[in-house]
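Me: I would like to learn how to read a model of this kind, feature by feature. Could you take me through it slowly?

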Amino acid sequence: IVAVLLAAAVAQRISARLDRLAESSQRIAAGDFRARAPQDGSDDVARLGAAFNEMADRLDDGRRRERDFLMSVGHDLRTPLTTLRGYAEALDEGEVDVADLPRVGSVLRNQTDRLSRLIEDLTLLARLEAREFTLRPEDVDLAAHVRGLVEAHRSRATALRIKLNVEVTDVGIVHIDPDRIGQIVGNLLDNAIRYTPEGGTIGVVLGVDTGSVHLSVSDTGPGIDGEDIDRVFERLYVSPRYRPVRPEGSGLGLSIVKELSDARGASLRVDSSLGEATTVTWAVDQIAVADNTVASDH
């Protein structure tokens, strides 16, 4: 009789805790991501509650990121649209002098280019996250390809009085998608240019280390605090302390690089500290690279 009574009491207590867990899950399902399950005790129910709360924390963090992302996108869309509307109204009302038309045309073109870049990057990022994109690997002289990609940015860097140093080692022929490599290099350089002030330096290094191809892009911008390094690849993440020197660009470049790298099994590392240079290194492991040797793209 005592055993039955004790079993009934324990069962009732466990049932009550499970009921609270079920209530919390229903609140989560209804959109209340602040709901948490009880974690009292050290039994299986407590461990289940801890796992549930960890899931709820991640869901809440994901919702916060999504909200911040939408707000950032709205802001980035609103700024060029406001400029376009202002000039359109001025043109419609005849308030723009003929002599000012070239300047107005240049502003309108720059703002439409900014909108197009943002929309294209948003579309590309969505496809990358959904893995709805194709890879067309081919035999590529990677060193020559990287040199060409960097040279395409040299005139822009020179116009902004930024020194561009290139140190490219011949890594032989690599079987890889040249267009995706172009997107990776282009986005890394665009990000470096955004944060490098006039008179600064951007360095690009390509080499091989123990069978791995590595590409690094460094800049002499504001640097990144250690606590923020893990967030630099989040969509549109810019802490107030790291406002770019040049606001042009979508702010999605590093997120695109991260998705492309994950899709190809490549790794990304950020080395930086606040107030010092930042280096982003992209690397593909387990590639046998030698002169005149075709390497597999993993």
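Me: At what angle do helix α4 and α5 pack, and how far apart are their axes?

Reply: Bear in mind that this is a predicted model. Helix α4 (residues 142-159) packs against α5 at an angle of about 35°, and the two axes lie 10 Å apart. On the α4 side the contact is made by L142, H145, L149, V150, H153 and R156, while α5 contributes P178, I181, G182, V185, G186, L189, D190 and I193. As for handedness, α4 passes α5 in a right-handed crossing.

Me: R180 is found in helix α5 (residues 178-195); is R180 buried or exposed, and which side chain of opposite charge is nearest?

Reply: A salt bridge is counted only when a side-chain nitrogen of Lys or Arg comes within 4 Å of a carboxyl oxygen of Asp or Glu. R180 is buried but has no salt bridge, the nearest side chain of opposite charge being that of D177, 4.1 Å away. Leaving aside residues up to four places away in sequence, R180 touches L124, F133, T134, L135 and L260.

Me: In which sense do strand β2 and strand β4 pair, and over how many bridges?

Reply: Strand β2 (residues 163-168) pairs with strand β4 (residues 201-209) in the parallel sense, over six bridges, and one pair to look for is K163 with its bridge partner T201 in β4. By contrast, β4 and strand β5 (residues 212-219) run antiparallel and are joined by eight bridges, with G207 standing opposite H214 in β5.

Me: Which residue takes a positive phi in the hairpin of β4 and β5?

Reply: The hairpin has two residues between the strands, and T210 takes a positive phi near 50° there.

Conventions: Residues numbered from 1 in each chain as written. Predicted model: local features only at pLDDT ≥ 70, side-chain atom pairs only at ≥ 80, totals over all residues. Heavy atoms only, no water. Pairing = 2+ DSSP bridges. Helix = DSSP H or I, 4+ residues; strand = E, 2+ residues; numbered from the N terminus. Buried < 20%, exposed > 50% of the residue type's maximum accessible area, 1.4 Å probe, protein only. Lys, Arg positive; Asp, Glu negative; His and termini not counted. Contact = heavy atoms within 4.5 Å. Axes fitted to C-alpha atoms, helices over the stretch in contact; angles between N-to-C directions. Left-handed = near helix turned anticlockwise from the far one by under 90°.
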